[in-house]
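Me: Please take a close look at one part of this model, the sheet together with the helices packed on it. I would like a connected account rather than a list.

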Amino acid sequence: MANIQGLRIVVAEDDDLNLFIIMKTLQHADHIGIEFPDGHLAWEYLYAHPTEVDIVILDKMMIQMHGLEVVQHMKGHPTLKNIPIIIQSGDAFPDKIKEAVDTGIDSYITKPFEGFQLLEVINEVAKQYNLGNNIKNPG
């Protein structure tokens, strides 16, 4: 299966180890990761650069503006409302996943996850939105 590469992906994650793993995964797949330790800083960047992001990955539970708050802000913005959003969380209860999906996100991945699982989700979302013309065949 071919992997899309070169996407500009904003990542908001307040756990240093999780952020490190996500960023290394993106780097290994030739994506451009733009990292933030909380949702507030991610939102400020998104608001200032609405056309410079392909996908957003948000931790659902963060101290400074949680992921679903960022989603609400994005959905109220004329440009950002069209950017695909992936929520990642340790919360695997079906009602909590449904709550997140109902906000208009594109995918939900539960922690812990392997790098290849995250890349599968990114590729799936990117294909749905016809993102990325750069294809890399693994091998």
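Reply: What follows starts with the sheet, moves to the helices and the cores, and ends with the loops. The model is a predicted one.

The sheet is open and is formed by 5 strands in the order β3-β2-β4-β5-β6, with parallel pairing. Its edge strands are β3 and β6, each of which pairs on one side only. From one strand to the next the twist averages 20 degrees.

At the β6 edge, the pairing with β5 is parallel and runs over 4 bridges. Ile86 stands opposite Ser107 in β6. Is Ser107 buried or exposed? With a relative accessibility of 13%, Ser107 counts as buried, because the cut-off for buried is under 20%. Leaving out residues up to four places away in sequence, Ser107 touches Ile85, Ile86, Ile87, Val121 and Val125. Of these contacts, Ile86 is thus also the residue that stands opposite Ser107.

Turning to the helices, α2 lies across β2, β3 and β4 and runs at about 150 degrees to β2. Which residues of α2 are buried? They are Gly39, Ala42, Trp43, Tyr45 and Leu46. These residues cover an arc of only 165 degrees around the axis, so they sit on the same side of α2. The buried residues of α2 pack against β2, β3 and β4, and also against α3.

Helix α3 can be described in the same terms. Its buried residues are Gly67, Leu68, Val70, Val71 and Met74. Seen down the axis of α3, they fall within an arc of 155 degrees, and therefore line one face of the helix. The buried residues of α3 pack against α2, β4, β5 and α4 (94-101). The packing of α2 against α3 thus appears from either helix, and β4 is likewise a partner of the buried residues of both.

Two aromatic pairs belong to this region. The structure holds 2 such pairs. Phe36 and Tyr45 form a tilted one, with 5.4 Å from centre to centre and 40 degrees between the planes. Both Phe36 and Tyr45 are buried. In the pair of Trp43 and Tyr47, the ring centres are 5.6 Å apart and the planes are at 50 degrees, so this pair is tilted as well. Trp43 and Tyr47 are 4 residues apart in helix α2 (residues 39-48), which means that about one helical turn separates them. How exposed is each of the two? Trp43 is buried, with a relative accessible area of 14%, whereas Tyr47 is exposed, with a relative accessible area of 51%. The value for Tyr47 counts as exposed because that class begins over 50%.

The nonpolar cores come next. In soluble globular proteins, nonpolar side chains tend to be buried together. Here the largest nonpolar core has 24 residues, and those with the most contacts inside it are Val10, Leu46, Val56, Leu58 and Met74. Two or more residues of this core come from each of β2 (8-12), β3, α2, β4 (55-59), α3 (67-75) and β5 (85-89). Apart from it lies another core of 21 residues, among them Ile55, Ile86, Leu118 and Leu131. Leu58, one of the residues with the most contacts inside the largest core, touches Ala12, Gly67, Val70, Val71, Ile85, Ile86, Ile87 and Gln88, not counting residues up to four places away in sequence. Among these neighbours, Gly67, Val70 and Val71 are buried residues of α3.

The loops add some backbone detail. A cis peptide bond joins Lys111 and Pro112, with omega at about -5 degrees. Pro112 is placed in the loop between β6 (107-110) and α5 (115-128). Asp30 has a positive phi, near 65 degrees, although Asp30 is not glycine. The loop that holds Asp30 lies between α1 (16-28) and β3 (32-36). Asp30 is partly exposed, with a relative accessible area of 35%. Asn130 also has a positive phi, near 55 degrees, in a residue other than glycine. Asn130 lies in the loop between α5 and β7 (135-136), and at 68% relative accessibility Asn130 counts as exposed.

How values were computed:
Residues numbered from 1 in each chain as written. Predicted model: local features only at pLDDT ≥ 70, side-chain atom pairs only at ≥ 80, totals over all residues. Heavy atoms only, no water. Buried < 20%, exposed > 50% of the residue type's maximum accessible area, 1.4 Å probe, protein only. Phe/Tyr/Trp six-rings, centres within 6.5 Å; stacked < 30°, edge-to-face > 60°. Core = buried A, V, L, I, M, F, W, Y, C linked by side-chain atoms within 4.5 Å. Contact = heavy atoms within 4.5 Å. Pairing = 2+ DSSP bridges. Axes fitted to C-alpha atoms, helices over the stretch in contact; angles between N-to-C directions. Arc of directions from axis to C-beta.
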